[in-house]
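Colleague: I would like to learn how to read a model of a protein with DNA. Take me through it feature by feature, please.

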Amino acid sequence: MLTPAPSATKPDPQDLLAWYDRHRRELPWRARAGETADPYRVWLSEIMLQQTTVAAVKPFYLNFLERFPTVEALAGAPAEAVMQAWAGLGYYSRARNLHACAKAVVDRHGGEFPSTEPELLKLPGIGAYTAAAVAAIAFNERAAAVDGNVERVMSRVFMVEEPLPKSKPLIRSLTAELVPEDRPGDFAQAVMDLGATICTPKRPACALCPWMRPCQARATGLQEMFPKKQKKETGPLRRGAAFVVLRADDTILLRTRPPAGLLGGMAEPPTSDWLPDYEPSRAVLDAPIEARWQRLPGTVRHVFTHFPLELTVLFAKVAKGTPAPHDMRWTPRLHLHEEALPGAMKKVLVHALGDLPGAKKASDKQPAKGAAK
DNA sequence: CAACCGTGGTG
DNA sequence: TCACCAAGGTT
């Protein structure tokens with residue numbers, strides 16, 4: 001074999017760990033330096049952090065920990081309480097899997113999380129990334145946790161030309177070779193901290209990076225071109241109508257969506273189907289009950305992962321004693337904040353009713369939202 | 001394996 | 001306004 005190119009120096013995990021020891025972020029679920037984290041808290045945080053930012057997770061995590069302090073408490077809680085605590089965080093199948101996983105840990109593992117990657121992988125809601133992250137962070141197993149941050153860091157350091165997601169296996173093996181024997185958990189968190197604070201998607205702060213020297217993308221000035229990705233297309237706009245019914249006893253008509261699929265198991269005011277060619281003027285024909293419907297001006301817009309949605313809101317007042325249609329129920333307006341309402345449906349209710357009384361639960365204790373609306 | 005599955009922040 | 005993205009998993 002000939003000598004490799006002289007510039008191809010291997011990134012040193014110890015350089016990264018030294019940087020981490022000085023710059024690690026303080027996070028509610030993270031143990032102090034030198035201490036081992038609680039597996040329940042690590043697992044809970046990792047599930048919440050799937051495709052979700054640290055800032056968004058923090059208040060939900062603290063609220064969850066207060067309501068469900070242990071895996072036994074979570075396993076023993078009713079599903080509705082779990083869904084309600086998750087409402088607003090998104091990707092609601094995570095909440096169902098979270099609950100199922102807690103039950104499995106209690107029933108099949110005596111309340112103790114398994115410590116190895118293959119065992120963790122068998123649990124619901126735990127995939128390749130989360131199994132490795134929990135094994136490394138909570139149990140100090142030598143596992144390679146590869147998330148979006150790690151993919152970006154490794155793509156740049158090794159200048160991976162193949163686009164994601166095809167390059168996932170390559171990146172996984174590159175990462176695995178770098179995981180140190182002694183501090184695998186710190187290494188995993190160090191790469192993620194690096195990706196979150198230095199090796200950012202745009203304008204990375206390469207001058208501050210402990211891996212600037214071995215970074216091949218940086219060497220050519222092309223760091224912002226990596227990782228290469230296949231672009232995904234967003235679906236066409238869908239339209240529909242939502243029906244907000246206020247009964248004279250100050251209750252609102254709600255229903256629960258089917259357990260699986262979009263917004264599975266979440267609550268909502270009844271709506272029409274959502275179709276690309278839905279015609280709002282026909283909305284009154286789709287109404288759940290007979291009433292004097294008022295079509296409210298404006299629309300509610302919401303963007304899901306794979307399509308945007310535009311809802312026309314119809315409003316009606318009905319007499320006390322009006323029965324709820326099949327599979328629907330009346331909820332006191334003052335108790336709406338106890339319902340598992342996803343963001344899109346909160347928008348609908350606000351559009352029709354104004355601010356939901358007491359609707360802020362845990363998600364409003366974060367800094368710097370803007371002024372009132 | 002590509003499609004499905006939320007939401008909020010950012011440039 | 002808009003495209004992109006964030007500690008991914010399931011089917």
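**Reading the loops, the helix and the DNA surface**

Modeller: Start with a proline. P227 lies in the loop between α12 and β1 (238-247). Keep in mind that this is a predicted model.

Colleague: What is the peptide bond from F226 to P227, cis or trans?

Modeller: Read omega. Here omega is near -5 degrees, and the bond is cis. Now try L164 and P165. Their peptide bond is also cis, with omega about 5 degrees. P165 sits in the loop between α9 and α10.

Colleague: Next, phi. Which value does R203 take?

Modeller: Check the sign, then the residue type. R203 is not a glycine, yet its phi is positive, about 45 degrees. Then place the residue: R203 belongs to the loop between α11 and α12. Then look at accessibility. R203 is exposed, at a relative accessible area of 69%.

Colleague: And D250, where is that found?

Modeller: In the loop between β1 and β2 (251-256). Phi of D250 is near 65 degrees, again positive in a residue other than glycine. D250 is partly exposed, with a relative accessible area of 30%. A further positive phi, about 50 degrees, belongs to M159, just after α9.

Colleague: Let us stay with α9. How many of its residues are buried?

Modeller: Count those under 20% relative accessible area, with protein chains only in the calculation. In α9, nine of the 10 residues pass, and the helix is mostly covered. Among them are V150, V153, M154 and V157. N149, E151 and R152 are on the list of buried residues too.

Colleague: How should I think about spacing along a helix?

Modeller: An α-helix has 3.6 residues a turn, so residues three or four places apart point the same way.

Colleague: What covers the buried residues of α9?

Modeller: Look for contacts from other elements. The cover includes α10 (168-178), α11 (184-197) and α12 (216-220).

Colleague: Now the DNA. How many residues surround DNA strand C?

Modeller: Take every residue with a heavy atom within 4 Å of the strand. That gives 23 residues, and the closest are G125, T130, D147, N149 and R152. Sort them by class next. The surface near DNA strand C has nine nonpolar, nine polar and five charged residues.

Colleague: Which part of the strand faces the protein, backbone or bases?

Modeller: Divide the DNA atoms within 4 Å of the protein. For DNA strand C, 67% belong to sugar or phosphate, and the rest to bases.

Colleague: Which atoms should I inspect by eye?

Modeller: Pairs of N or O atoms. An N or O atom in the side chain of D147 is 2.6 Å from a sugar or linking oxygen of DNA strand C. The side chain of T130 has an N or O atom 2.7 Å from a phosphate oxygen of the strand. Y129 uses its backbone: an N or O atom there lies 3.3 Å from a phosphate oxygen. Two elements give two or more residues to this surface, α8 (128-139) and α9 (148-157).

Colleague: Finish with the whole chain. How is chain A divided?

Modeller: Into domain 1 (13-225) and domain 2 (238-353). Ask for the distance between centres, then for contacts. The centres, taken over C-alpha atoms, are 36 Å apart. Seven residues of domain 1 are in contact with 13 residues of domain 2.

Colleague: What does the UniProt record add?

Modeller: An unreviewed entry places "domain: HhH-GPD" at residues 48-197. In the model that span is 65% helix and 0% strand, and its end C-alpha atoms lie 20 Å apart.

Terms used
Residues numbered from 1 in each chain as written. Chains lettered and ligands numbered in written order. Predicted model: local features only at pLDDT ≥ 70, side-chain atom pairs only at ≥ 80, totals over all residues. Heavy atoms only, no water. Polar contact = N/O pair within 3.5 Å; in protein donor to acceptor, adjacent residues only side chain to side chain. Helix = DSSP H or I, 4+ residues; strand = E, 2+ residues; numbered from the N terminus. Nonpolar A, V, L, I, M, F, W, Y, C, P; charged D, E, K, R; others polar. Buried < 20%, exposed > 50% of the residue type's maximum accessible area, 1.4 Å probe, protein only. Contact = heavy atoms within 4.5 Å. UniProt positions renumbered as here; feature names shortened; annotations may be inferred. Domains from an automatic or database assignment.
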